[in-house]
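User: Hey, got a minute to go through this one with me? I'd like to talk about how the pieces pack.

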Amino acid sequence: MSVTTAPGAVRHAAPARTARRMRWWTPYAFLAPYLALFTVFMVVPIGFGFWTSLHEWDINLPAKPFVGLGNYADLFDPGSVDGSRFWMAMRATGIFTVASVPILIVLPLAVALLMNGRFKGRNVYRAVYFAPYVLGVAVVGLLWRYLLDGNIGLVNHYLGLEVQWTTDVPPAWIALVGVTVWWTLGLNSVIFLAGLQDIPRELHEAAMVDGAGPWRRFRAVTLPGLRPVMVFVVNATILASANMFGQSYLITAGAPADQTKTAIYLIAETGLRQFDMGTASAMSFILAAFLMVASALVFGAFRDRRKP
Amino acid sequence: MTRDLRGLRRALLHLVLAVIAALYLSPLLYMFVTSFKTREAAQSTTPRWIPDPVTTDAYREILSSPDSPVLTWFLNSLLAATGHAVLVLVTAAPAAYALARLRFRLRTPIFSMIVATLFVPPVVLLIPNFLIVNQLAWVDSLPAVIVPAAAGAFGVFFLRQFFLTLPGELEEAAELDGCNRWQIFVSVALPLSKPALATLFLLSFLANWNDFLWPLYVLLSPEALTLPAGLGNFQSANNIRYDLLMAGAVIASVPVLLLYAVAQRWVIEGISRSGLKG
């Protein structure tokens, strides 16, 4: 690491006077415990993971032959066993992400708009909608596995249906998306709500004076005011959906025939159950590349066009 | 006229919000109700909202079965989540303080490097972190679920944002009194940051309490599991014993719901604000 940083780069912010009595190593002592963790479990694994992906790596075998990009080539060969499995899992991740993200943006935004005002019971509603997120995916998954049971579940009973939500597609996708919406609606709602409350009231009042109706005000004031929050929520939701694991593990167990087994599920099974860590690492880097492209697209799509 | 209209709109608003609230509360209520049913009643095709007879058999069975040491899982989860949250505070607070309030040569490069990891999808860490944890002989033990996740950048960011807003005058006064940086950090900055520290503790605790994939694969023996991993394994093995599963789910929910009832404001404010200032 370079020690000759331009001094101008660090001059702002901290009060100048306090720097005098400090020994040069004091800040590094403050940072040391965190940086130790950061190095061992964040920086090293990134490099080590890529290194692993270049090998035929089984934790139980002493020999870990270097295969170069062989694992990647294998995964990009749709005729190979690993390749066909992997792209089926990527397809599942893609279906789930595309199906869930729009709903996970629009519904929470609608709920946040409803709650954006002062009225009795507002904090109670907010606390109730947020509760499943606090319970975590294991409880939520177990509960909905029961409610969605094709034979004795409440969902079929009250809807008067006989749908096999946990073992048929497309019903399984509807179930997985629905449970995810139930689970995380409150999370996105409270973030939107905080964003809505940061929009100055005067902007709404000015638009009203100009004769703008509710829809015009939503388009011209609310949405632009929410832009930074929107970028964050869309990005975080895409990443969360693309990493969907617990719902699939607990509710469908990948059924039918691994069609709802997501990429991260396959990566965990391949690397941490079958101990084919080279292939699993290669899979994770391909998935990561897709995720980084998706993030870049989101940032591009929400770029502030008013700035030069 | 407009007053009637406003009243009508308010009533409609409450109606919509109450319907949504019912969609949230009724599944949770049914989970609770089912946990007090007999095995047969839990499997019945006609749902009953009041168990008849009321029984604690499911709790007794799940608590006494060697395959499902729920109380051990509970204790493991409690230890792991507390240990993790403490570790996050102890490491992130001084680091964030240095990045926010101290001037030093490598501040910008170090901060940039921490920022950069926010753009790395965590999935690439899964396999190598398992190998590292295995090298440390932590597989199947609590350090595996306590330590690695504390390397995440969130805590440092969160506290750095807070430390940046502290007024400098108090620190300067403490310095004139002859305090060194560590004393200023401990006796001035930390006491002023109690709300932020409490929020970060809660968020870290909850994140760890709810973590599912990692403990499911890094913990193996029944008595080493955390609650979510234990329930996940238990479900794969007993996927039609809904009475047991719901009893397990209730045991896993009650402590978090109690914590949530006490600290609901902090949790929600902390989460809703943490995303906005990154």
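User: So how many residues of chain B are in contact with chain A?
Analyst: Keep in mind that this is a predicted model. In it, 84 residues of chain B are in contact with 83 residues of chain A.

User: And which helix of chain B gives the most to that side?
Analyst: That's helix α14 of chain B, residues 242-274, which puts 14 residues into the side touching chain A.

User: What's the split into nonpolar, polar and charged on the chain B side?
Analyst: There are 57 nonpolar residues, 17 polar ones and ten charged ones on the side of chain B that touches chain A.

User: OK, switching to packing inside chain A. At what angle do α6(A) and α9(A) pack?
Analyst: About 170 degrees, with the axes 10 Å apart; α6(A) covers residues 171-197 and α9(A) covers 227-242. So α6(A) runs roughly antiparallel to α9(A). The crossing is right-handed.

User: Which residues meet there?
Analyst: From α6(A) you have A:N188, A:I191, A:F192 and A:G195, and they meet A:V229, A:V233 and A:T237 of α9(A). By class, that contact has four nonpolar, three polar and no charged residues.

User: What about α3(A) and α11(A), how do their axes cross?
Analyst: At roughly 145 degrees, coming within 7 Å; these are residues 81-115 for α3(A) and 263-272 for α11(A).

User: Who makes that contact?
Analyst: On α3(A), A:R85, A:F86, A:A89, A:M90 and A:T93; on α11(A), A:A263, A:Y265 and A:L266. The classes come out as six nonpolar, one polar and one charged.

Definitions and conventions:
Residues are numbered from 1 along each chain as its sequence is written. Chains are lettered from A and ligands numbered from 1 in the order in which they are written. This is a predicted model: local features need pLDDT of at least 70, side-chain atom pairs count only at pLDDT 80 or more; totals for chains, interfaces and linings use all residues. Two residues are in contact if their C-beta atoms, placed from the backbone, lie within 7 Å. Helices (H or I, at least four residues) and strands (E, at least two) are DSSP runs, numbered from the N terminus. Ala, Val, Leu, Ile, Met, Phe, Trp, Tyr, Cys and Pro count as nonpolar, Asp, Glu, Lys and Arg as charged, and the others, Gly among them, as polar. Axes are lines fitted to C-alpha atoms, for helices over the stretch in contact, and angles run from 0 to 180 degrees between N-to-C directions. Angles under 35 degrees count as roughly parallel, over 145 as roughly antiparallel, 65 to 115 as roughly perpendicular and the rest as oblique. A crossing is left-handed if the near helix is turned anticlockwise from the far one by less than a right angle, and right-handed if clockwise.
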